[in-house]
2 protein chains.
Amino acid sequence: MQVTTLCLGALVFGDATGYEINKMFEDGPFSHFLDASYGSIYPALMRLTEEGLVTCKAEAQERRPDKKIYSLTEKGRLKLREALQQPIADDKFRSEFLFTLLFAHLLPRNRVRTMMDHRLAALKEKLIELSQPDAEDTPGMDFARQYGYAIYSASIDFLENKRHLIEEIATEEEAHV
Amino acid sequence: MQVTTLCLGALVFGDATGYEINKMFEDGPFSHFLDASYGSIYPALMRLTEEGLVTCKAEAQERRPDKKIYSLTEKGRLKLREALQQPIADDKFRSEFLFTLLFAHLLPRNRVRTMMDHRLAALKEKLIELSQPDAEDTPGMDFARQYGYAIYSASIDFLENKRHLIEEIATEEEAHV
DNA sequence: GTTCACATATATAGCGCCGATATATCGGCA
DNA sequence: TGCCGATATATCGGCGCTATATATGTGAAC
């Protein structure tokens, strides 16, 4: 799914600047299951403007670059709807953590323990984030949040119960790959 | 994490051709949590060869292009070990499925139901794959497989128990975004 | 017995996108 | 005062995915 489609989707929730769209992907409600950054968002908005799928209204600001507020056009709404009817790609789960653990038998036990502690801490932090519903969330966002909560919970449970399996395999002393 | 590092890791499990490495990411034990394809693997192997991190032995084949078998060098082993000591990026979960559901309130109910059925079927298929341990798996691979199993189980449970929440929100009749 | 899809095997072109950086200003904190 | 982080736009370099080209063997379907 291209960033143009993601931007179209973001604008369904209201007019926004490129900066604001970036925030939705970075910290906002999209951040847990979508990716996009400046390097793709700004060019995407330009392409969408050219194609008439969004409009751009520059708002003058004193001593700052103009704030460019983008809005979905009717044509853009149709395009998004069309995109949403396309076959959906499989979810993707990518983990450098698991990659590293593939070599647990070649790593010092302390390294593996530290990795595990860090990972669990990070997961618990995200779990807390996802446990807080927001009154402004749409039903879809709430569903995604709960889905994330379920997955993070399962991850934490698994790692807490099974970490010993991998830690036992790590080498006691010096690492030698 | 760059594809060069992933290739180094793949070669720890034994000498291999670019084609075989690709299979590890496509169907093999890595496929559930790592990404890499021809377009990145072949260039990566060339770079690694130039840097002396792997060696390449061309094996002549009748009426076929030479099979190029790559092996890790001592320098390559050290490089991998170094890479494994670096800070590990957060796991990434990317889902076009959840993105689409953000707009459930704008989609026809049948579309949402079909999506949900497809997704559950796909998840169950993966669950079956992950339920089968392989005698050749290293402990790390087995851990990753069980981790995957736990996550897919949780996903399936969640979707089966909560799908009604999002299906109720979908529009009864025609779609209009 | 022939067709046809699939597996083996390497390689590259096009293009999309991430990460970092540049530019400029304001508010808050120390 | 000095510095950091937030606001806001935009681009560059390089990495990597998708699709394609090339060539042939294998096995299943019909």
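This briefing walks through a predicted model of two protein chains with two DNA strands. Local features are reported at pLDDT of at least 70 and side-chain atom pairs only at pLDDT 80 or more, while totals for chains, interfaces and linings use all residues. Residues are numbered from 1 along each chain as its sequence is written, and chains are lettered from A, with ligands numbered from 1, in the order in which they are written.

**How the two chains are related**

- Two copies of a chain are related by a rotation about an axis and a shift along it.
- Here, a turn of 180° and a shift of 0.0 Å along the axis lay chain A on chain B with an RMSD of 0.1 Å. The copies are superposed by least squares on the C-alpha atoms of residues with pLDDT of at least 70 in both.
- The two copies are therefore related as by a two-fold rotation axis.
- A:Phe93 has the C-alpha nearest the axis in chain A, at 2.3 Å from it.
- Both copies use the same surface, as 100% of the contact residues of chain A recur in chain B.

**Where the chains meet**

- Chain A and chain B each bring 51 residues to the contact. Two residues are in contact if their C-beta atoms, placed from the backbone, lie within 7 Å.
- On the side of chain A that touches chain B, two or more residues come from each of helix 1 (3-12), helix 4 (74-84), strand 3 (92-94), helix 5 (96-101), helix 6 (109-131) and helix 7 (139-167). These helices (H or I, at least four residues) and strands (E, at least two) are DSSP runs, numbered from the N terminus.
- Helix 7 of chain A supplies the largest share of that side, 15 residues.
- By class, that side has 33 nonpolar, 9 polar and 9 charged residues. Ala, Val, Leu, Ile, Met, Phe, Trp, Tyr, Cys and Pro count as nonpolar, Asp, Glu, Lys and Arg as charged, and the others, Gly among them, as polar.
- Strand 3 of chain A pairs with strand 3 of chain B in the antiparallel sense, over 3 bridges; a pair needs at least two bridges found by DSSP.
- Within strand 3 of chain B, B:Arg94 stands opposite A:Lys92.

**Around the DNA**

- DNA strand D is surrounded by 19 residues, and the closest are A:Thr17, A:Tyr19, B:Ser37, B:Gly39 and B:Ser40. A residue is near a strand if its C-beta atom, placed from the backbone, lies within 6 Å of it.
- The surface near DNA strand D draws at least two residues from each of helix 2 (18-26), helix 3 (38-50) and strand 2 (67-72) of chain A, and from helix 3 (38-50) of chain B.
- That surface near DNA strand D divides into 7 nonpolar, 7 polar and 5 charged residues.
- Around DNA strand C there are 20 residues, of which A:Gly39, A:Ser40, B:Thr17, B:Tyr19 and B:Gly39 come nearest.
- Helix 3 of chain A, along with helix 2, helix 3 and strand 2 of chain B, gives two or more residues to the surface near DNA strand C.
- With 4 residues, helix 3 of chain A gives the most to the surface near DNA strand C.

**A covered helix and the core**

- In helix 1 (residues 3-12) of chain B, 8 of the 10 residues are buried. A residue is buried if 20 or more other C-beta atoms lie within 10 Å of its own, exposed if 12 or fewer, and partly exposed in between, with C-beta atoms placed from the backbone.
- The cover over these buried residues includes helix 5 of chain A and, from chain B, helix 2, helix 3, strand 1 (54-59), strand 2 and helix 4 (74-85).
- After helix 1 of chain B comes B:Gly14, with a positive phi near 135°.
- The largest nonpolar core has 88 residues, and A:Cys7 and B:Cys7 touch the most other members. Such a core is a set of buried Ala, Val, Leu, Ile, Met, Phe, Trp, Tyr and Cys residues joined through C-beta atoms within 7 Å.
- Beyond its neighbours within four places in sequence, B:Cys7 is in contact with B:Ile21, B:Ile41, B:Ala44, B:Leu45 and B:Leu48.

**Three residues to find in chain B**

- B:Ala121 lies in helix 6 (residues 109-130) of chain B and counts as exposed because it has 10 C-beta neighbours inside 10 Å.
- B:Gly148, in helix 7 (residues 139-169) of chain B, has 22 such neighbours inside 10 Å, so B:Gly148 counts as buried.
- B:Ala150 is also found in helix 7 of chain B, and its 19 C-beta neighbours inside 10 Å make it partly exposed.
- Not counting residues up to four places away in sequence, B:Ala150 touches A:Ala154 and A:Phe158.
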